[in-house]
Amino acid sequence: MSKVKVGIVQMSCTADKQQNLQKAIVKVREAAQKGAQIVCLQELFTSLYFCDEENYDNFKLAEAIPGPSTDELSKVAAELNVVIIASLFEKRAQGVYHNTTAVLDADGAYLGKYRKMHIPDDPGFYEKFYFTPGDLGYKVFNTKFARVGVLICWDQWYPEAARITALMGADVLFYPTAIGWATTQDEATNVEQYNAWQTIQRSHAVANGVHVVSVNRVGEEAGVKFWGGSFFANPFGAIIHQTTHDQEEVIVRELDLDKSDYYRSHWPFLRDRRIDSYQPITKRLLDED
């Protein structure tokens, strides 16, 4: 299909896991009513962003994937004939947990999962306490409506992740996200941080000639104001739509996947890659003789 209608759900969350899941389902239904064929939910949407602290009790929020949440979402996907991209806290085994996104096809079939590769550890974002780094590599999923690539939040800052996923044939790069401002920050810092976050993702669209869809949450949790600002970018990085910073929103936009061929032909960055010269990128630093 050359055109696909993509829906994003930007919402706030509570401490009630089932309530958050049901709220997300209501909003998926709203997106489907607006014509969405693929719907992407934000990072870890079934809970508050619990990584603001190192608390062993939070491991109780995790679940198997496939598991209860994907089972429920699969029914919704099949009923509505929509693809659902769902970011969840995965319990892989006792003591082994991942930040994982599951992809459910429009017939409800579970297509697989991507485990977040880059794990941050910053004040208020103590993800290394909870998440084992992903070991499935980068992934693309052949859905009914498009071949989608999924990366997760901190992955956004790494052009290598976007490049590899695009080279695997992704039509669209999706980034479920949970990121915000410290409530003690000044406005200039807030603006600078949001602009950097959006700019790096738009650059992935430009460099790879693919649409980028980034979905963030809103609401204030534990001294962080999640900045919303979810957006769609075309394959040359132009913003198709950007949401507000403080409101829940369900937005659907049509993406023309043939635009990738247009931009890749007129600005042939992939053609001109010098793959013979990139071996040094596998080093941490180039500080040795």
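Me: Ala, Val, Leu, Ile, Met, Phe, Trp, Tyr, Cys and Pro count as nonpolar, Asp, Glu, Lys and Arg as charged, and the others, Gly among them, as polar. So how many nonpolar residues does the lining of the second largest pocket have?
Reply: Quick heads-up: this is a predicted model. The second largest pocket holds about 370 Å³ of space, and 23 residues line it, with D122, F125, W154, I179 and G180 closest to its centre. Five of the lining residues are polar and three are charged. The nonpolar count is 15.

Me: Which element gives the most to the lining of the second largest pocket?
Reply: Three elements each supply at least two residues: β9 (180–182), α4 and β12 (224–227). The top contributor gives three residues, and that's β9.

Me: How about the largest pocket: how many charged residues does its lining have?
Reply: That pocket has about 550 Å³ of space. It is lined by 15 residues, and P159, E160, I164, I281 and T282 are the closest to its centre. Eight of the lining residues are nonpolar and two are polar, while the charged ones number five.

Me: And the cavities? Which element gives the most to the lining of the largest cavity?
Reply: There are three cavities of 30 Å³ or more, and the largest has a volume of about 50 Å³. Its lining includes V206, A207, N208, Y263 and R264. Two elements give two or more residues to that lining, α4 (187–208) and α5 (259–266). With three residues, the one that gives the most is α4.

Me: Where does UniProt place the feature "domain: CN hydrolase"?
Reply: The record is an unreviewed entry, and it places that feature over a stretch of the chain. In this model, the stretch is 24% helix and 31% strand, with end C-alpha atoms 7 Å apart. The positions UniProt gives are residues 4–257.

Me: What does helix α1 reach from its first C-alpha to its last?
Reply: Helix α1 runs over residues 17–33, so 17 residues at 1.5 Å a residue give an expected span of 24 Å. Several of its residues are buried, among them L21, I25 and V28. The cover over the buried residues includes β1 (3–10), α2 (68–80) and β15 (249–256). As for the reach, it's close to the expected span, at 25 Å.

Me: Is E220 buried or exposed?
Reply: E220 sits in strand β11 (residues 218–221). Beyond its neighbours within four places in sequence, E220 touches T183 and K225. Its relative accessibility is 60%, and the cut-off is over 50%, so E220 counts as exposed.

Me: Is C153 buried or exposed?
Reply: C153 lies in the loop between β7 (147–150) and α3 (159–167). C153 has a positive phi of about 40° although it isn't a glycine. Most residues other than glycine have a negative phi. Because its relative accessibility is 6%, under the 20% cut-off, C153 counts as buried.

Me: What positive phi does N81 have?
Reply: N81 is in the loop between α2 and β3. At 34% relative accessibility, N81 counts as partly exposed. N81 is not a glycine, yet its phi is positive, at about 60°.

Me: Which residue does a cis peptide bond join to I65?
Reply: Most peptide bonds are trans. Here omega is about 0°. The partner of I65 lies in the loop between β2 and α2, and that partner is P66.

Terms used:
Residues numbered from 1 in each chain as written. Predicted model: local features only at pLDDT ≥ 70, side-chain atom pairs only at ≥ 80, totals over all residues. Heavy atoms only, no water. 1 Å grid on protein atoms, 1.4 Å probe; cavity = no way out; pocket = protein on both sides within 12 Å on 5 of 7 lines; lining within 4 Å. Points joined across faces, edges and corners; volume = space filled by probe spheres on them. Helix = DSSP H or I, 4+ residues; strand = E, 2+ residues; numbered from the N terminus. UniProt positions renumbered as here; feature names shortened; annotations may be inferred. Buried < 20%, exposed > 50% of the residue type's maximum accessible area, 1.4 Å probe, protein only. Contact = heavy atoms within 4.5 Å.
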